[in-house]
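Colleague: Got a minute to walk me through this model? I'd like to start with what the record says.

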Amino acid sequence: MADHAGRRCCLGWDFSTQQVKVVAVDAELNVFYEDSVHFDRDLLEFGTQGGVHVHEDGLTVTSPVLMWVQALDIILEKMKASGFDFSQVLALSGAGQQHGSVYWKAGASQVLTSLSPDLLLHEQLQVTCCLDRGSGANSPRHTGPLQPSRTLWRVPPSGISPWDVMPPGDAGKACFSISDCPVWMDSSTTAQCRQLEATVGGAQALSCLTGSRAYERFTGNQIAKLYQQNPEAYAHTERISLVSSFAASLFLGSHSPIDYSDGSGMNLLRIQDKVWSQACLGACAPHLEEKLGLPVPSCSVVGAISSYFVQRYGFPPACKVVAFTGDNPASLAGMRLEEGDIAVSLGTSDTLFLWLQEPRPTLEGHIFCNPVDPQHYMALLCFKNGSLMREKIRDEMASSSWSEFSKALQSTEMGNSGNLGFYFDVMEITPEIIGRHRFSAENHEVSAFPWDVEIRALIEGQFMAKKIHAEGLGYRVMPKTKILATGGASHNRDILQVLADVFGTPVYVIDTANSACVGSAYRAFHGLAAGTDVPFSEVVKLAPNPRLAAAPTPGASQVYEALLQRYAMLEQRILTQTRGPLE
Ligand code: XUL
């Protein structure tokens, strides 16, 4: 018997792009069990790369729904084999990659409520799809011993809908109207995006309504594409889930509602009053409201675990299922962000999560409903030129050495004597600028800087851009604000010092390898306290504290106040020069 027997706990799940993960967290908030199933490695028969199939058009990206179900089967069987004591699980919650959608076929809810504990889930939810095996370059391979007998994969040629209707004889058995679910990497819905924006009065109007202008991966646009290209499959769909609510439905044994936070990634939910926008629904597809069900607050208990899990694995019948949410919202919970806090992930690209009280949706970034406090919001901003740019400048200016790079930051002054730089070797997302642009203290464009000035200009520029664009979404630094830094560059203290100085707030570091999973377990504990008004921060107060890495240098705010204004002005100047004035 494993040493985790008899430990009361909550489970946190993460259905991410490449794997399904689980953690068990005990009442003292220690993670004492974790496991994962990696799609490419452990479910070879689905032939995914990075957990997805990229179709021949290069734009359509899908994942097989049955792969997700089978991954859950495998992980639960592994837990059982390890002696995991399911009888101690008080509640569970989970996260899903955002924006992806699952289409349950008419009759699926009946299958969900009458699952036999003698069979695996995927055996009972088995889908059928194309009858002939594909042979194109993108066609997934068939390898490995686990060949689901009824699932033969074929990636359709471009121009043909990727979604295939069921062979007639199987219509009653299949649980999904389409077997390959569009995921967040899909960018094939530009036409639907333009239609949606036009219907509601433009991109800014849509952003004010739903928190984001139209994005190809956002679910409303994906649903519109399915309806337009495969009306038959759409008509046969009784329920549309996000990946998060789909996973919750498996545990619940019935259709789980979509939560407000993940629901904000659809271009369909009115983020202020948290109801579906009739205008957006109407622009996407008919009868959509009934197929989506009513959205619920992210901390809702959506029900008790289904009898399937009680009988097959020994979960207690009272085990609560707390609404699943998107992976980014779940990470915000895992990092225990609080009002006014910022999480900065310094990876290949840099990502910012902001806790916002009064959002100002714009044409960049996304505003989602907050996953742990229904009155508040979170924002997500992505900057493409992150570590790749830092590494390039390190190679060019500091002999490929991080310690030389650090020396430049140590030997130059805050504010870089007024020198400012923009370094975007690939087209940036926030803002849409490409190229390297350097300016002297007198705002004259110059072609080069000395090596150490270049390095400081890069790092100061990257962090000033983050502050300016965060403020553009309504973010304001508060007296108790802290920055949580994660990712590769968060190991460099000198980089973090610049971050602390530019924002004027202390910077902490935190290990976020499992933040979506752990955040889901924390949210499950929060769900246990539902109805008691206990805030999330109280529930997670025992969790390990982040470590202070840098405090702002005295005088930093005066230096950067002026510099930030110049940076914003110069950014506008470059934008105007490169794309002309905005009408
Ligand atoms: C967020 C997004 C991705 C996915 C990854 O908008 O598309 O971060 O959530 O899983």
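Modeller: Sure. UniProt, in an unreviewed entry, lists residues 343-526 as "domain: Carbohydrate kinase FGGY C-terminal"; such annotations may be inferred rather than shown by experiment. This is a predicted model, where local features need pLDDT of at least 70, side-chain atom pairs count only at pLDDT 80 or more, and totals for chains, interfaces and linings use all residues. Numbering runs from 1 along each chain as its sequence is written, and side-chain values use heavy atoms, without hydrogens or water.

Colleague: How far apart are the end C-alpha atoms of residues 343-526?

Modeller: They lie 21 Å apart, and the span is 36% helix and 22% strand (DSSP runs: H or I of at least four residues, E of at least two).

Colleague: Switching to the ligand, which residues surround it?

Modeller: Thr 17, Gln 97, Gln 98, His 99, Trp 184, Arg 217, Asp 327, Asn 328 and Leu 380, counting a residue if one of its heavy atoms lies within 4 Å. That shell divides into two nonpolar, five polar and two charged residues.

Colleague: What about Asp 327?

Modeller: A polar side-chain atom of Asp 327 is 2.4 Å from a ligand oxygen. For Asn 328, a side-chain N or O atom sits 3.0 Å from an oxygen of the ligand. The protein buries 86% of the 290 Å² that the ligand exposes when taken alone (Shrake-Rupley, 1.4 Å probe).

Colleague: And helix H9, why is it largely enclosed?

Modeller: Because 10 of the 10 residues in H9, residues 243-252, are buried, meaning under 20% relative accessible area (1.4 Å probe, protein chains only). Phe 246 and Leu 250 are among them.

Colleague: What follows H9?

Modeller: Gly 253, with a positive phi near 70°.

Terms used
Buried < 20%, exposed > 50% of the residue type's maximum accessible area, 1.4 Å probe, protein only. Polar contact = N/O pair within 3.5 Å; in protein donor to acceptor, adjacent residues only side chain to side chain. Nonpolar A, V, L, I, M, F, W, Y, C, P; charged D, E, K, R; others polar.
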